[in-house]
Amino acid sequence: MCLALLACGLLPRVALGQETRPPVLLTAAASRESQPLSGQWTYGKDLYRTGLTDINGWVAKSRMQRFRDIDVEAEEAKGGAGFFEFDLDRGPLMTIPGAWNAAEPELRYYDGLIWFQRKFTPRPLDGDRAFLRFEAVNYRAHVYLNGQEVGRHKGGFTPFVVEVTEALRSGENRLVVAVDSALDAQTIPTPITDWDLHGGITRPVTLVYTPATFIDDATLSLGTDGRVTGEVRLTGPQAAGQRVEIAIGSLGTYSATTDADGRAAINIRRLRGLALWSPDTPTLYDVTFRAAGDQVRDRMGFRTIAVRGSEILLNGQPIFLRGMSLHEEEFGPNPARNMTPQASRALLTEIKEGLNANYVRLSHYPHSEETVRLADEMGLLVWSEIPVYWTVDWENPEVLQKALTMQTEAILRDRNRASIVLWSIGNETPVSGPRTAFHSALADNARALDPTRLISAALLVERREENGEVVTAINDPLADKLDVLAVNTYAGWYGDDALEAVAGLKWSVPADRPLILSEFGADALAGYHDPDMRKFSEEYQAAYYRSTLAMADQIGTLRGMSPWILKDFRSPRREHPVFQNGWNRKGLVSETGVRKQAFDVLAEYYAARSDAQD
Ligand code: GCB
C-alpha cells in the first residue's frame, strides 16, 4: 500500500529523528543554575506589525522598531527632529507567564503581535555559557537581546532555547520578545480549532547558565527486555572522550564514555532492586548525570508499556485506561493558561481522586512540563499529543517539517517521564492520501526518537452496513501505523441518534488490536436542570454518559477511554447565548470546578472498573 506517499515520492523526503532536533535542548534545565525571568514585563500592542518591518528603510527603522536598544525617554529629552512611536520602557505591565487574553479586557480577543520587554542583570560568565529558555510562546516568537535578534521560534506549546553567551553584556540587559499569536492555513494548528486564542508568553522564561562543555541531553528508559538503555549527549569543546556517570537513586552508579560527537550510549543489563513505576505505586528515583565537571538531576520512574494482541500491558500486566481529557486551563472564571504547580495539581487531583482515574489525555497539544512531571509524581498515565488537529496543509513540505520539529521538541522534552505511555500524532483529521502520508511521517519520527512508547491518533469513525446490520467502524489506512486504535465518538450528542439508541449501537473493530475511546461527551450548563432532559441540561449529560458507557461495555477490545472533558473550557466557536457564552460546556465540572451530575456517573463507573481490575 502507498501509505507512505512519502515512499512513493509524492511528498519530498523529510528529515526524521536526529535532523529535527533543536541545536540545544538543556534537558532537566530546572536542575541547573538559572535566573527566572518570569514576573512583570512591559508590553506594547502592534496589530499592524510595524515594529517587525523595516518599511522604506530608515524612517520606519528609527521610529517603529521596538526591539531597539534605546532609552526613548532620554532621547526625547534631547529634543530635535527625531521622534519615536514606541517606548517599551514606559509600556503597561503584564505578568509573565500567562496568556494576554486573560490579562486585560481589551486584549480578550486580541489576535496578532505584542511586544514584551524585561530587563535583567546576569552574573559574570567567566567562561561559562548562558541560554534563554522559553517553555512556551504562542505562536511565533522573535527574540532580541540588547537590540540584536538572537532567535526565532514557531509553535505555541514546546520549549526552545537561545544561546546568548555572546550577546549578553555586563550590567543591565534588555530582552525584547515579539509574540505573534496569529494562526493561518500553514500553522499548526490552523485557526480552525475548538479552544481559545491564548496568545503570549504562556510558560516560564529562564536564563540558564552552563559550563563551556555541558550535558545537553540525558535519557534513560526501561525496555521490555529488562534493560535500561539511554544516551547522554555533551555539547561544547570538550565533548568527546568524556567519562559519563549515571547515579540512579541508591540502586547504583553506572558509567559510559562519549564518542567523537559527544554521545555516550547507556546500556544497563539489569537494575537490581528496581521498583517499577505505575499509577498505584508511582515510584520515582533521583537520577544524576555527571560529565566534564557538569551535572544535571532528574526524577525518573521506570516502567514498560507494550501491546499484545488486543491488550495494553503496563509492566507486563493488562491495564484498562480509566481516563479523562484535559485542556491546559486552570480552574477559574478567566483562565490565563498559567499552569502553576497548584493549578496543575488541582486538575489532576480531580481526575485521579475525584474520578478514580489512572490516565489523562493531555489534549490537544503538549501541556506544561510541570503538568507532566506532576503526572509522574501523582501516578497518572498520559496520552501526549501535538496540535495536528482537524485541518492542516497536508501537501506542504514546510508544514510537515514544522510538525516534525514540534513533535521532536515535545518528545525530547518529555521522554524521561514514565507517565507518558502514548504519543498521539493527530486528532480527527479527515482521511486523504496526503493526510495519511503526513501522519505516517510523524509516526516514523516518533518511533525513531522513542521506540519505547506506543503510538496512537484520535481517528474518526464511520457508520456502515455489515451483514445486514449498521455498525460503527474505522475506515482509515492510518490505523496500520498505530499501536493503539483510538476514536472520538459523539453519538447521542452530535448527529441524529436518539439517546435511547446509543447503548445498543454495534461496533465492528479489529479483534486483535486494542481500542480506546479518545473522546465522547455532551454539553451541560452547570446548574441547569430539566426533568425533560433537554440538551444542555445536567440530566441529559448524565444520561448520555450512562448510555455511552453501556455502549462501550459491548466493545470487546476496548482498553480505555478519555471522555471529553474534565472542565468547561473557553472556545470562541461556542456562542450559544444561554448555555455557552464562549465556553465549551462538555466539562464534567464547570470552569470554576462545580461538579455536574455526570461526574458521579463516570466516577462510579471507574470505581467499579478499578475493583474489577484489582
Ligand atoms: C472533538 C474535538 C474537540 C472538541 C470536541 C467538541 O471531536 O476533538 O477538540 O472540543 O470534539 O466539543 O465538539
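How far from an oxygen atom of the ligand does a polar side-chain atom of E428 lie? The distance is 2.3 Å. That contact is a good doorway into the structure, but a few ground rules will help before we walk through it.

This is a predicted model, in which local features need pLDDT of at least 70 and side-chain atom pairs count only at pLDDT 80 or more, while totals for chains, interfaces and linings use all residues. Residues are numbered from 1 along each chain as its sequence is written, and side-chain values use heavy atoms, with hydrogens and water left out.

Let us stay with the ligand for a moment. Of the 14 residues around it, D194, H364, E428, Y494 and K586 come nearest; a residue counts as near if one of its heavy atoms lies within 4 Å. Some side chains also make polar contacts, meaning pairs of N or O atoms within 3.5 Å; within protein, one atom must be able to donate a hydrogen and the other to accept it, and residues adjacent in sequence count only if both atoms are side-chain atoms. Besides E428, a polar side-chain atom of W564 lies 3.0 Å from an oxygen atom of the ligand. For Y490, an N or O atom in the side chain is 3.3 Å from an oxygen atom of the ligand.

W564 has something else to show you. The peptide bond from W564 to I565 is cis, with omega near 20 degrees. I565 sits in the loop between the strands β33 (558–561) and β34 (569–570). Here strands (E, at least two residues) and helices (H or I, at least four) are DSSP runs, numbered from the N terminus. A second cis peptide bond to look for joins I188 and P189, with omega about 5 degrees. P189 belongs to the loop between β10 (173–180) and β11 (200–201).

Now follow β33 to one of its partners. Two bridges join β33 to β23, and the two strands run parallel; two strands count as paired if DSSP finds at least two bridges between them. In this pairing, R322 stands opposite M561. β23 also has four bridges to strand β24 (residues 359–362), again running parallel, and there G323 stands opposite Y359. Between β23 and β24 the chain passes through α3, and this β-α-β crossover is right-handed. To picture that, point the strands away from you: the path from the first strand over the helix to the second then runs clockwise.

How well is β23 covered? Six of its six residues are buried, where buried means under 20% relative accessible area, exposed means over 50%, and partly exposed lies in between (1.4 Å probe, protein chains only). In a regular strand, side chains alternate between the two faces of the sheet. On one side of β23 you find L321, G323 and S325, and on the other R322, M324 and L326, all of them buried.

In the loop between β23 (321–326) and α3 (341–354) comes R337. R337 has a positive phi of about 55 degrees although it is not a glycine, and R337 is buried, with a relative accessible area of 2%. N146 makes a nice companion: its phi is near 50 degrees, a positive value in a residue other than glycine. N146 lies in the loop between β7 (140–145) and β8 (148–154) and is buried too, with a relative accessible area of 11%.

Next, visit helix α4 (residues 369–378), where seven of the 10 residues are buried. Among them are V372, L374 and M378. Just after α4, G379 takes a positive phi of about 85 degrees.

One more sheet is worth finding. It is open and has three strands in the order β13-β14-β17, with antiparallel pairing. Its edge strands are β13 (214–222) and β17 (263–268), each pairing on one side only. Six bridges join β14 (residues 228–235) to β17, and E231 has A265 as its bridge partner in β17.

Finally, some record labels. UniProt, in an unreviewed entry, lists residues 305–581 as "domain: Glycoside hydrolase family 2 catalytic"; this span is 29% helix and 25% strand. The record also places "domain: Glycosyl hydrolases family 2 sugar binding" at residues 102–211, a span with 0% helix and 45% strand. UniProt positions follow the numbering used here, feature names are shortened, and annotations may be inferred rather than shown by experiment.
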